[in-house]
Amino acid sequence: MHDAVIVGGGPAGSAMAARLAAMGHDVLVLDRAHFPRRKPCGECVNPAGVDALRALGALDAVEAAGPARLDGWRIRQGAGGGFRGRFPGDVHGLGIARDVLDSILLDHARGRGAEVRTGVRVTGVLREGGRVVGVSAEGGEEIRARLVVGADGLRSVVVRRLELLRRPPRLRKVALTAHVAGVDAGRGWGELRAIGRGCVGIAEVDGGRFNVTVVVAGDEARDVAGDPAAFFDDALRRFGFADARRVDEVLASGPFDFPVRRAIVDGALLVGDAAGYYDPFTGQGIFRALRGAELAARTADAALRAGDLSAAALAPYERDRRRAFGPGERVQHLVEAFVSRPALLRLVSRRFSRRPALGDAIIRVTGDVRPVRSLLRPSLLLGLVR
């Protein structure tokens with residue numbers, strides 16, 4: 001029996017595996033994909049995520065892969081005006097393709113002693129006496145562990161089998177992601193362009209290759225499904241990137257709203273997107289995967305050493321996670337409300353463009369380098385109303 005079986009080899013699963021293995025535990029990672037593999041994602045790591053990579057001991061390997069540097073973000077209405085916010089001082093984020101980043105992190109977990117099996121599709125959760133004791137895989141294989149970690153993303157099998165989803169998604173958006181070349185979007189800056197209820201995010205990931213993610217309202221899903229590549233290429237032109245040249249296949253994802261009732265049960269816990277997801281902004285998703293894994297590993301280590309994997313023993317992780325991410329998630333809801341409402345975005349864009357400190361403040365909060373309470377400074381609040 002393993003100490004921990006981790007379902008999902010993305011950033012959350014790999015970071016959790018690396019930390020637990022380094023603590024001396026017997027860890028097995030399972031992922032249905034073979035790596036490297038692409039994943040639909042904005043492919044940005046915010047500044048706090050860069051710090052989390054450093055704390056994990058993986059930043060040198062990531063930087064050796066040649067990611068792009070991100071010093072801040074521009075928010076525009078179409079190809080027209082808007083505002084921008086810069087990260088403070090030498091603090092910066094990264095743009096890096098997920099097939100590159102995820103492979104580095106999975107190799108890092110192996111290097112710390114975790115066993116990794118790819119091409120294994122987990123289909124169920126094993127229970128005995130009301131507690132989780134392992135997982136079942138396609139083909140009937142049963143894998144037993146003292147702790148099961150669900151790190152398998154938006155449509156987590158672990159979440160569904162444990163019936164932890166709080167409600168169906170309400171934010172029913174669809175995203176199309178691909179890499180493009182030939183874009184003049186400015187080095188060192190990510191950019192978000194909004195038109196109507198849709199938007200496109202663009203950021204360099206390496207050597208002149210850019211990630212482009214087109215997000216549309218859910219009621220356009222039928223138009224997207226007919227020919228996603230044609231829809232994506234047309235969106236590039238509509239959003240002002242007529243010279244962009246798509247260099248790989250278009251990947252689709254959505255919706256972006258999967259709240260869970262809780263992230264712990266007897267014998268199991270959830271990390272990363274599986275622990276609850278709401279439309280991230282400017283690279284918050286990778287940070288929360290890495291930081292969540294750090295918090296979870298601390299609690300899991302103590303529980304494994306004590307021989308008590310009950311929900312009560314895992315409760316410190318639940319409290320730490322809510323304290324660490326709760327305020328930022330409320331800001332995400334606020335940002336989404338503005339980005340998806342053109343009149344509101346026009347209003348704040350005019351004010352933010354006249355007062356650069358406002359743009360810096362919101363980008364630094366979404367970059368997780370300033371606390372949410374920093375937005376309540378009197379000087380900023382006065383800037384919003386004057």
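Where does D243 lie? Look for the loop between helix 7 (228-238) and strand 16 (245-246), and you will find D243 there. Before we go on, keep in mind that this is a predicted model. D243 is exposed, with a relative accessible area of 67%. Leaving aside neighbours within four places in sequence, D243 is in contact with A181 and G182. You can also use D243 to get a feeling for distances: A303 is 60 residues away from D243 in sequence, and the two C-alpha atoms are 55 Å apart in space.

Now let us turn to charged side chains. Side chains of opposite charge can pair when their charged atoms come close. The structure holds 26 salt bridges, and we can visit a few of them.

Begin with R146 and D3, which form a salt bridge whose closest N and O atoms are 3.1 Å apart. R146 lies in strand 11 and D3 in strand 1 (residues 2-7), so this pair ties together parts that are 143 residues apart in sequence. The two partners have their own surroundings: R146 is partly exposed, with a relative accessible area of 26%, while D3 counts as buried at 15%. The cut-off helps here: buried means under 20% relative accessible area, so D3 falls on the buried side.

Two other salt bridges sit inside helices. An α-helix has 3.6 residues a turn, so residues three or four places apart point the same way. In helix 4 (residues 98-111), D102 and R98 are 4 residues apart, about one turn of the helix. Their side chains form a salt bridge, with the closest N and O atoms 2.9 Å apart, and both D102 and R98 are buried.

Helix 9 (residues 311-339) offers another example, with D320 and R323 lying 3 residues apart, about one turn of the helix. The salt bridge between D320 and R323 has an N to O distance of 3.3 Å. Which of these partners is buried, and which is exposed? D320 counts as buried at 17% relative accessibility, whereas R323 counts as exposed at 59%.

Salt bridges can also be linked to one another. Here R74, R76, E191 and R193 are joined in a network of salt bridges.

Next, look for a gathering of like charges. R32, R155, R160 and R161 form a patch of positive charge on the surface. One of these residues, R155, is found in the loop between strand 11 (142-150) and helix 5 (157-161). R155 counts as partly exposed, at 45% relative accessibility.

Let us now follow two histidines. H25 is found in the loop between helix 1 (11-22) and strand 2 (27-31). With a relative accessible area of 9%, H25 is buried. Which residues does H25 touch, not counting those up to four places away in sequence? They are D3, L20, D301, L304 and R305. You have already met D3 as the salt-bridge partner of R146.

The other histidine, H108, has its place in helix 4, the helix that also holds D102 and R98. H108 is buried too, with a relative accessible area of 14%. Not counting residues up to four places away in sequence, H108 touches A18, L56, G57 and A58.

The backbone deserves a look as well. Between strand 2 and strand 3 (44-45) there is a loop that contains P36, and the peptide bond from F35 to P36 is cis, with omega near 0°. E43 is found in the loop between strand 2 and strand 3 as well. Phi of E43 is positive, near 60°, in a residue other than glycine. At 4% relative accessibility, E43 counts as buried.

Our walk ends at helix 11 (residues 356-366). Its buried residues include L358, G359, A361, I362, I363, V365 and T366. What is the sign of phi in D368, which follows helix 11? Phi of D368 is positive, near 60°. D368 has its place in the loop between helix 11 and helix 12 (378-385), and at 24% relative accessibility D368 counts as partly exposed.

Key: Residues numbered from 1 in each chain as written. Predicted model: local features only at pLDDT ≥ 70, side-chain atom pairs only at ≥ 80, totals over all residues. Heavy atoms only, no water. Patch = residues over 30% accessible without salt bridge, like charges linked within 9 Å, V, L, I, M, F, W, Y side chains within 5 Å. Areas by Shrake-Rupley, 256 points an atom, 1.4 Å probe, with all protein chains shown as cover. Salt bridge = Lys/Arg side-chain N within 4 Å of Asp/Glu carboxyl O. Lys, Arg positive; Asp, Glu negative; His and termini not counted. Charge placed at Lys NZ, Arg CZ, Asp CG, Glu CD. Buried < 20%, exposed > 50% of the residue type's maximum accessible area, 1.4 Å probe, protein only. Contact = heavy atoms within 4.5 Å.
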